[in-house]
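User: I would like to learn how to read contacts, cores and empty spaces in a protein model. Please show me one to practise on.
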Amino acid sequence: MSRAGGDGTAALERAGAETVKRAVELDLASRFQESLVCYQEGIDLLLQVVKGTKDEAKKQWYRQKISGYMTRAEDIKKHIEKEKQDGKYHKQIRIEENATGFSYEKLFREYLTEIVSEVWVEDPYIRQDYQVYNFLRFCEMLVKGPCKVRTIHLLTSCDEGSGRNQQTSALEEIKRSLSNHGITLNVVFSSSVHDREIRFNNGWMIKIGRGLDYFKRPQGRFSIGYCDFDLRPCRETTVDVFHTKHTKKM
């Protein structure tokens, strides 16, 4: 094996070991969905190690380890599926004040499976310009995602002040833009909407304490985090994830 190849395999070994270690920690903390993702990533890395290793004893050792991790990952998958079927699945994510790394892509990606075709957004605060931009960014994520979304339902409150025309005009523009991507946006205004939740028709429901508006305002138009929301500091909030057999219609 070349020096470069050996260094590459060593790097894969370290990454695989760290990822599996994280999977076990999450598993022990009963954070099963996150643990499953780490097990799957760790297994993939260790399989690459086996492929790149010529030492038969090391290969055999890793195969045994991988077999154990695969068995545990399958058990977790069955456990999650049973909780989903029983309507008991609940995961909570705590976003700390000034935390970063919580873009919409990072927060929602594990729930946006390929079968998602319809999305319900219930958020009373899609009114001011920056709030409408948040909703636009959420829509862009859906357009880019692995899912094939065809319909988005938005239930929000109507700006009763001078910004009403601007709000409706902006949402109409988003509606026209989405139609160019084969997606229908249905907007309903309600003065009694208070809940903040997002539902996908694969059964996942995400409730965010602050709705889509959990990012802090950037320090300036040319500051880090203005464009990349993974780098944008957040306001403290809680995200609760549930799974339900039937997605509520608005």
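User: With which side chain does the side chain of E197 make a polar contact?

Analyst: A polar contact is a pair of N or O atoms within 3.5 Å; within protein, one must be able to donate a hydrogen and the other to accept it, and residues adjacent in sequence count only if both atoms are side-chain atoms. Here the partner of E197 is the side chain of R199, at 2.8 Å. E197 sits in strand β5. Helices (H or I, at least four residues) and strands (E, at least two) are DSSP runs, numbered from the N terminus.

User: What kind of model is this, and how are residues numbered?

Analyst: This is a predicted model, in which local features need pLDDT of at least 70 and side-chain atom pairs count only at pLDDT 80 or more, while totals for chains, interfaces and linings use all residues. Residues are numbered from 1 along each chain as its sequence is written, and side-chain values use heavy atoms, with hydrogens and water left out.

User: Does E197 count as buried or exposed?

Analyst: Buried means under 20% relative accessible area, exposed over 50%, and partly exposed in between (1.4 Å probe, protein chains only). E197 has 4% relative accessibility, so E197 counts as buried. V119, in strand β2, counts as buried because its relative accessibility is 0%.

User: Which residues is V119 in contact with, leaving aside neighbours within four places in sequence?

Analyst: Contact means heavy atoms within 4.5 Å. By that rule V119 is in contact with F138, L142, V149, T151, I152, H153, I198, R199 and F200.

User: Which residues touch the most other members of the largest nonpolar core?

Analyst: A nonpolar core is a set of buried Ala, Val, Leu, Ile, Met, Phe, Trp, Tyr and Cys residues joined through side-chain atoms within 4.5 Å. The largest one has 57 residues, and F108, F135, F138 and F200 touch the most other members. Its largest share, eight residues, comes from α2. Not counting residues up to four places away in sequence, F108 touches F138, M141, I198, F200, I206 and I208.

User: How is empty space found, and how many cavities of 30 Å³ or more are there?

Analyst: Rolling a probe the size of a water molecule over the atoms shows where empty space is left. On a 1 Å grid over the protein atoms alone, a cavity is a set of points where a 1.4 Å probe fits but cannot get out, and a pocket is an open set with protein on both sides within 12 Å along at least five of seven lines; lining residues have an atom within 4 Å of a point. Grid points are joined across faces, edges and corners, and a volume is the space filled by probe spheres set on the points. The search finds one cavity of that size. The largest cavity holds about 40 Å³ of space, and E197 is one of its lining residues.

User: What is the volume of the largest pocket?

Analyst: Its volume is about 520 Å³. The lining has 18 residues, with E34, K91, K106, R109 and E110 nearest the centre.

User: Which sign does the phi of S30 have?

Analyst: Most residues other than glycine have a negative phi. S30 has a positive phi of about 65 degrees although it is not a glycine. S30 lies in the loop between α1 and α2. N98, in the loop between β1 and α4, also has a positive phi, of about 70 degrees.
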